[in-house]
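Hi,

Here is the structure I promised to pass on. Have a look at it first, and then read my notes below.

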Amino acid sequence: MEKVIFKVFRFNPERDKKPRFDKYEVPIRNGMTVLDALYYIQGYLDGSLAFRSSCREGVCGSCGMHINGKYRLACETQINRLKSKKITIKPLGHLPVIKDLVVDMTDFWEKYSYIKPYLIAGAPPEENERIQTQDDRNKLDGLIDCILCACCYAACTITDTEKNYLGPAALLKVDRFVEDSRDNNKKERLLTVSGDSGIFRCHTLFNCQEVCPKNLDPTGAIARLKRMAISNTLCFWEK
Ligand code: FES
């Protein structure tokens, strides 16, 4: 059976002075994913390896990590497609390591929560539901599929240098609600992201767009928000 070497980031901040990489030889079969390999390592070679996963099918966003030079979902990355006999795995960047491939997502979730990632529609609907035309619904295509894996957040250079920068996932979500015909909070949302931790911090580097496992376009969403903020003359320092 074909074998691949996995070089995996290991670090337990409570015990280790510094991170290291451990190597594991994993037998692979056709269709096997990087997540399958991590389970193999954990089950047969080293039970102390820590990583996150849940759905194992690209839905929950738990298994984002840095695999052979790019942030990807481990459960959607087939080993054969990497075309390499050596695979290096590191945790998501710009977030503190709890253990091995598990990072502390507190910053990411706090920023996400700050932008109010839910519909703010104002008055109750006249009917039992808030009707949306098909054209209005179509405007949300490419905006509602984010699985919050934080690959974009880790790939963004600005989230590293500007600790308060809201980051691509949160800003994509703002655009998702600004574009929603049922939302009644557009001005407030634009104000929220027009400060020094928001859209104008984005340098349009396209890293987020490049790594998104769902092929979404946070860079485009941020550019759209910038245009709206400027055309609404809402650009001012938030604090
Ligand atoms: S385990 Fe759910 S996205 Fe990979």
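Before the notes, one term: the helices and strands I name are DSSP runs, with helices (H or I) of at least four residues and strands (E) of at least two, numbered from the N terminus. Please also keep in mind that this is a predicted model.

Let me start with a loop, since that is where the labels come in handy. R56 sits in the loop between α1 (34-45) and β3 (64-67). What caught my eye there is the backbone: R56 has a positive phi of about 60°, and it is not a glycine. Most residues other than glycine have a negative phi. Is R56 buried or exposed? It falls in between: R56 is partly exposed, because 17 other C-beta atoms lie within 10 Å, and that class sits between the cut-offs of 20 or more for buried and 12 or fewer for exposed.

N215 is another case of this kind. Its phi is positive too, at about 55°, and N215 is not a glycine either. You'll find N215 in the loop between α9 (207-211) and α10. N215 has 8 C-beta neighbours inside 10 Å, so it counts as exposed.

Now for the overall layout. The protein splits into domain 1 (3-103) and domain 2 (106-231), and the C-alpha centres of the two domains are 29 Å apart. How many residues does each domain bring to the contact? Domain 1 gives 14 residues and domain 2 gives 14 residues. On the side of domain 1 that touches domain 2, strand β4 (residues 70-73) supplies the largest share, with four residues. That side of domain 1 is a mix of six nonpolar, five polar and three charged residues.

Last, a helix pair to look at. Helix α7 (residues 168-178) and helix α10 (residues 218-231) have axes that come within 9 Å and cross at roughly 55°, which makes α7 oblique to α10. The crossing of these two helices is left-handed. From α7, the contact is made by P168, A169, L171, L172, V174, D175 and V178; from α10, P218, A221, I222, R224, L225 and M228 take part. And what kinds of residues make up this contact of α7 with α10? They divide into 11 nonpolar and two charged, with no polar ones.

That's what I have so far. Enjoy!

Terms used
Residues numbered from 1 in each chain as written. Predicted model: local features only at pLDDT ≥ 70, side-chain atom pairs only at ≥ 80, totals over all residues. Domains from an automatic or database assignment. Contact = placed C-beta atoms within 7 Å. Nonpolar A, V, L, I, M, F, W, Y, C, P; charged D, E, K, R; others polar. Axes fitted to C-alpha atoms, helices over the stretch in contact; angles between N-to-C directions. Parallel < 35°, antiparallel > 145°, perpendicular 65-115°, else oblique. Left-handed = near helix turned anticlockwise from the far one by under 90°.
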